[in-house]
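User: I'd like to learn how to read cysteines in a structure. Can you walk me through it?

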Amino acid sequence: PECTVDVEIECVTADGVPCEQIPPTDGQCSEGLNPLTDLKFQYKFCACEESDNSQEDDGTFKCIDESGIDKCEAANQVNIECVGSDNENYFNGQVPNNDFFSVNAMVNGVLPETITCLISVTEGDQVFACQEVEFDTSGKIDLVLTDKFGSIGLTSCTDDEGNTKDCYEDITYTYVLENVGDIYMDITKVLRTDNEGKTQN
């Protein structure tokens, strides 16, 4: 005998929009019109040579792999400090691998011309510099969602008029399982595998 189950899956955004109707996002964050106020990044280790962004061609983007680069590759968590060309600190904290952090214009209302982020790892009493990246945040130079500056990738941006563009959308899955066979059963666990091959309960 075999168990036969009919499965119905519903996917909607936080606003109730069906997932198949989510409009594509225009990824251009800087169009030379409005200064930027907030940028959100995802830390995912990679060497400078794996960078892929819209600022490489004009020389605005700079990336240096420091002597401790191998330490960061093996670490589950790193230190990230981001300082603007105005010498203000825009982020300073610990970020787990694959996690997110944001730089916010809390001082002058808008982000500075450029931001430099230093990535390091702490082992005991020692701090090892891993990577230093610099990129333009003025809103006058191309800045596009999914731009990858060394180990940090851009996932969201907001300008001074409150316009936000985001790579990610909060969604809710609802699963309805119906036993359409002749055998009684109890469903004890449901596993879902996403596009990146990660399995979740």
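Analyst: Let's go through the disulfides, then the unpaired cysteines, then one serine. Keep in mind that this is a predicted model.

User: What is a disulfide, and how many are there here?

Analyst: In general, it's a covalent bond between the sulfur atoms of two cysteines. To call one here, we ask for two cysteine sulfur atoms within 2.5 Å. That gives 5 disulfides. Number the bonded cysteines in sequence order and the pairing reads 1-2, 3-10, 4-5, 6-9, 7-8.

User: Which parts does the pair Cys48 and Cys63 tie together?

Analyst: Start with the bond: the sulfur atoms of Cys48 and Cys63 are 2.0 Å apart. The torsion about that S-S bond is about -75°, so this disulfide is left-handed. Cys48 sits in the loop between β2 and β3, while Cys63 is in strand β3, so the pair ties together parts 15 residues apart in sequence. For burial, the cut-off is under 20% relative accessible area. Cys48 has 14%, so Cys48 is buried, whereas Cys63, with 22%, is partly exposed.

User: And where do Cys72 and Cys130 lie?

Analyst: Their sulfur atoms are 2.0 Å apart, forming a disulfide. Cys72 is in helix α1 and Cys130 in strand β8, so this pair links distant parts of the chain, 58 residues apart. The angle about the S-S bond is 85°, a right-handed link. Cys72 is buried at 1% relative accessibility, and Cys130 is buried at 1% too.

User: What about Cys82 and Cys117: left-handed or right-handed?

Analyst: Right-handed, with 105° about the S-S bond. The sulfur atoms of Cys82 and Cys117 are 2.1 Å apart. This bond ties strand β4, home of Cys82, to strand β7, home of Cys117, across 35 residues of sequence. Relative accessibility is 0% for Cys82 and 0% for Cys117, so both count as buried.

User: Why is there no bond from Cys46 to the closest cysteine sulfur?

Analyst: Check the distance. The closest cysteine sulfur to that of Cys46 is in Cys63, and at 7.5 Å it is too far for a bond. Cys46 is buried, at 4% relative accessible area. Cys167 can be read in a similar way: its closest cysteine sulfur, in Cys29, is 8.0 Å away, too far for a bond. Cys167 is partly exposed at 36% relative accessibility.

User: Is Ser151 buried or exposed, and what is it in contact with?

Analyst: Ser151 counts as buried, at 2% relative accessibility. Its place is the loop between β9 and β10. Leaving aside neighbours within four places in sequence, Ser151 is in contact with several residues, including Cys46, Phe45 and Gln131.

Note on methods. Residues are numbered from 1 along each chain as its sequence is written. This is a predicted model: local features need pLDDT of at least 70, side-chain atom pairs count only at pLDDT 80 or more; totals for chains, interfaces and linings use all residues. Side-chain values use heavy atoms; hydrogens and water are left out. Helices (H or I, at least four residues) and strands (E, at least two) are DSSP runs, numbered from the N terminus. Buried means under 20% relative accessible area, exposed over 50%, partly exposed in between (1.4 Å probe, protein chains only). Contact means heavy atoms within 4.5 Å.
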